[in-house]
Structure formats: C-alpha cells, structure tokens
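Welcome! Here is a short guided look at a protein chain, meant for someone meeting it for the first time. Please have a look at the sequence and the structure below before reading on.

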Amino acid sequence: MKKRNKYILIAFLGISSFSLLFVFNSIFPHNPQSPIFQNEGERAVRQQSVDNLTLYIDYSGVKTNEKFENVSLTNNQTTVYHLLLNCCEITIQNYGLLIYVTEINSVGSWIYTVNNDAPSNIASNYYNLLDNDTVKWKHV
C-alpha cells in the first residue's frame, strides 16, 4: 500500500508541475521584443507608417508571378505580414505570438526575403519594414 501511495504522490507532483508550466506561460508570455522574434537596429521599432514598398510573389511556375509597387502601410501595421495581407488573399496558421503563412492566393509553401537578403528566421508578423523595402515571397 505504501508503494502505491508513493506512485500516486509522484504522479500528482508531475501533473501539478506540468500544469504550472502552462499557467505561468499564460501569465508571463514570451517577450515579443526579444531578439528571437525581432530585428535589431533600425528595424527594432515598428513604424507608424511606411511608404514605397514593393511586393513580389514568385509562384515558381505554378501561376503567373505578381508585383505590387508603391504600397503604403499605416497604423503601426507595417510588417512583412501586413504587406502581404494588404495585397493578397492568404491563409495562416496562428501559433500565438507567431503567424505562419501557409498559403498565398491558394498556393502553399512559402519563404520570404527582404531587399534580396538571405531568408529571415524572424516570423513575418515581427519583421518590421522601412520605407522603400522590397519583399519577395517565393514558392518552395
């Protein structure tokens, strides 16, 4: 009987600890300004508005490529995600703080770059744009 009580106590402590992890995670969410989620330098702060943006959608032969020029974004909605949302029909997967774009105009599997730099490891809803940026979404 004592051995059974010991296992019950261990199971109770394990379940309690695991539950507390979820409670503390919801009370103290991740810092969205963390470098894991955010650019550094001049892109660290989301702009009130950005102008003269260009968006390329490269369908890699699945459809005809699209180009949107001279796009402006306002109201602090000035991320790569907001630019895409402003120009295209998209489907997303929401992971709490991070948004993953699953489809653009009914075509899936995408990666984005800004100003022909290497693909970013920052979620599109955290990559802050600046005036004159060029964003390219490529079907992979």
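## A loop residue to start with

Is Ser60 buried, partly exposed or exposed? With a relative accessible area of 35%, Ser60 is partly exposed, because buried would need under 20% and exposed over 50%. You can find Ser60 in the loop between S1 and S2. Its phi is near 50°, which is a positive value in a residue other than glycine.

Asn76 makes a good companion to look up next. Its phi, near 60°, is again a positive value in a residue other than glycine. Asn76 sits in the loop between S2 and H2, and with a relative accessible area of 34% it is partly exposed.

## The chain as a whole

Keep in mind that this is a predicted model. The protein chain holds two helices and seven strands. Read from the N terminus on, these elements follow the order α-β-β-α-β-β-β-β-β.

Of the 140 residues in the protein chain, 32% are buried. The chain exposes about 9,100 Å², and carbon and sulfur atoms supply 55% of that area. Among contacts in the chain with a separation of 6 or more, 59% are between residues 24 or more positions apart.

## Strand S7 and its partners

Strand S7 covers residues 134-139, and its side chains alternate. Val135, Trp137 and His139 point to one face and are buried. Thr134, Lys136 and Lys138 point to the other face and are not buried.

Which strands pair with S7? One is strand S1 (residues 50-58), which pairs with S7 in the parallel sense over five bridges. In this part of the model, Thr54 stands opposite Thr134 in S7. Another is S6, which pairs with S7 in the antiparallel sense over five bridges. Here Val114 stands opposite Val135 in S7, and Val135 is one of the buried residues of that strand.

## A sheet of three strands

Now turn to an open sheet of three strands, with the order S3-S4-S5 and antiparallel pairing. S3 and strand S5 (107-108) stand at the edges with a single partner strand each, so one side of each is left without a neighbour in the sheet.

S4 and S5 pair in the antiparallel sense over two bridges. If you would like a pair of residues to look for, Ile104 stands opposite Val107 in S5.

## Helix H2 and its surroundings

Helix H2 spans residues 80-87, and its buried residues are Val80, Tyr81, His82, Leu83 and Leu84. What do these buried residues pack against? They pack against S1, strand S2 (66-73), strand S3 (90-95), S4, S6 and S7.

Two residues of this helix are worth a visit. Tyr81 has a relative accessible area of 12% and is therefore buried, as the cut-off is under 20%. Leaving aside neighbours within four places in sequence, Tyr81 is in contact with Ile90, Ile92, Ile99, Ser124 and Asn125. The C-alpha atoms of Tyr81 and Tyr100 are separated by 9.1 Å, and these residues are 19 residues apart along the chain. His82 is also found in helix H2, and it is buried with a relative accessible area of 15%. Not counting residues up to four places away in sequence, His82 touches Arg46, Leu73 and Gln77.

## The largest pocket

To finish, look for open space in the model. The largest pocket holds about 190 Å³ of space. Its lining has 14 residues, and Tyr100, Tyr112, Ile122, Ala123 and Ser124 lie nearest its centre. Ser124 has already come up here, as a contact of Tyr81.

Which strands each supply at least two residues of the lining? They are strand S4 (98-104) and strand S6 (110-114). The largest share, four residues, comes from S4. By type, the lining residues divide into 11 nonpolar, three polar and no charged.

Key. Residues numbered from 1 in each chain as written. Predicted model: local features only at pLDDT ≥ 70, side-chain atom pairs only at ≥ 80, totals over all residues. Heavy atoms only, no water. 1 Å grid on protein atoms, 1.4 Å probe; cavity = no way out; pocket = protein on both sides within 12 Å on 5 of 7 lines; lining within 4 Å. Points joined across faces, edges and corners; volume = space filled by probe spheres on them. Nonpolar A, V, L, I, M, F, W, Y, C, P; charged D, E, K, R; others polar. Buried < 20%, exposed > 50% of the residue type's maximum accessible area, 1.4 Å probe, protein only. Contact = heavy atoms within 4.5 Å. Areas by Shrake-Rupley, 256 points an atom, 1.4 Å probe, with all protein chains shown as cover. Pairing = 2+ DSSP bridges.
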